[in-house]
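Biologist: Pick one part of this model and look at it closely. Tell me what it sits against, and how it fits into the whole.

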Amino acid sequence: MAREIKSAINPNNAQAPAAVTASANTTGLDCSGYEEVLYLLAVGAVTGTTPTLDVKAQESATQGGTYTDIAGSVFAQITNANHSLHLNARVTPAKPFQRVVLTLGGTTPNFTMAVMQLRCNPPLLPASAGS
């Protein structure tokens, strides 16, 4: 059964495009009903003395609950400008909430960046169910 790609993907700005100067956790996103989340990381300008950026995805049973790292859902460390990276994270039904953890290092790090979460692959519905 074919479907349009727009019906298979639901985007969310985990980190809106901005200059990021401190470590932070994004708000958990409910990914219930989706099989996986595609994370897109875009980094533009980078300043500071030996700046580093580590980005990873975490999951939890509830939005405000305890989050744990999702195995294999860690971006390569960023230390300079102009990167576009992606990774996939499976959605565990018992822990459907996912968030992004941004960890900055160095002296006065400043990363102009954005992170998108694309919830992907909801279960297929019969053609009449979407009408």
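**Strand 7 and its partners**

Modeller: Start at Phe97, the bridge partner in strand 7 of Asp30. This is a predicted model, where local features need pLDDT of at least 70 and side-chain atom pairs 80 or more, while totals for chains, interfaces and linings use all residues. Numbering runs from 1 along each chain as its sequence is written, and side-chain values use heavy atoms, without hydrogens or water.

Strand 7 covers residues 97–120. Of its 24 residues, 17 are buried (under 20% relative accessible area, 1.4 Å probe, protein chains only). It is therefore largely enclosed by the rest of the structure.

Now its partners. Two strands pair if DSSP finds at least two bridges between them. Strand 4, residues 36–60, is joined to strand 7 by 20 bridges. The two run antiparallel. Within strand 7, Ala114 is the bridge partner of Ala42. Strand 1, residues 9–20, also pairs with strand 7 in the antiparallel sense, over 9 bridges. On strand 7, Leu118 stands opposite Pro11. Strand 2 is joined to strand 7 by 2 bridges, again antiparallel. Here Asn25 faces Val101 of strand 7 as its opposite residue. Strand 3 and strand 7 run antiparallel too, with 2 bridges between them. The Asp30 and Phe97 partnership brings us back to where we started.

One loop residue deserves a stop. Thr26 lies in the loop between strand 2 (24–25) and strand 3 (29–30). Its relative accessibility is 11%, so Thr26 counts as buried. A polar atom of the Thr26 side chain lies 2.8 Å from the backbone nitrogen of Val100. Leaving aside residues up to four places away in sequence, Thr26 touches Ala14, Arg99 and Val100 (heavy atoms within 4.5 Å). Arg99 and Val100 fall within the residue range of strand 7, 97–120.

Step back to the whole protein. It has 0 helices and 7 strands (DSSP runs: helices H or I, at least four residues; strands E, at least two). From the N terminus, the order is β-β-β-β-β-β-β. Of the 131 residues, 38% count as buried. Take contacts between residues at least 6 apart in sequence: 84% of them join residues at least 24 apart. The accessible surface comes to about 7000 Å² (Shrake-Rupley method, 1.4 Å probe). Carbon and sulfur atoms hold 55% of that surface.

Conventions:
Buried means under 20% relative accessible area, exposed over 50%, partly exposed in between (1.4 Å probe, protein chains only). A polar contact is a pair of N or O atoms within 3.5 Å; within protein, one must be able to donate a hydrogen and the other to accept it, and residues adjacent in sequence count only if both atoms are side-chain atoms.
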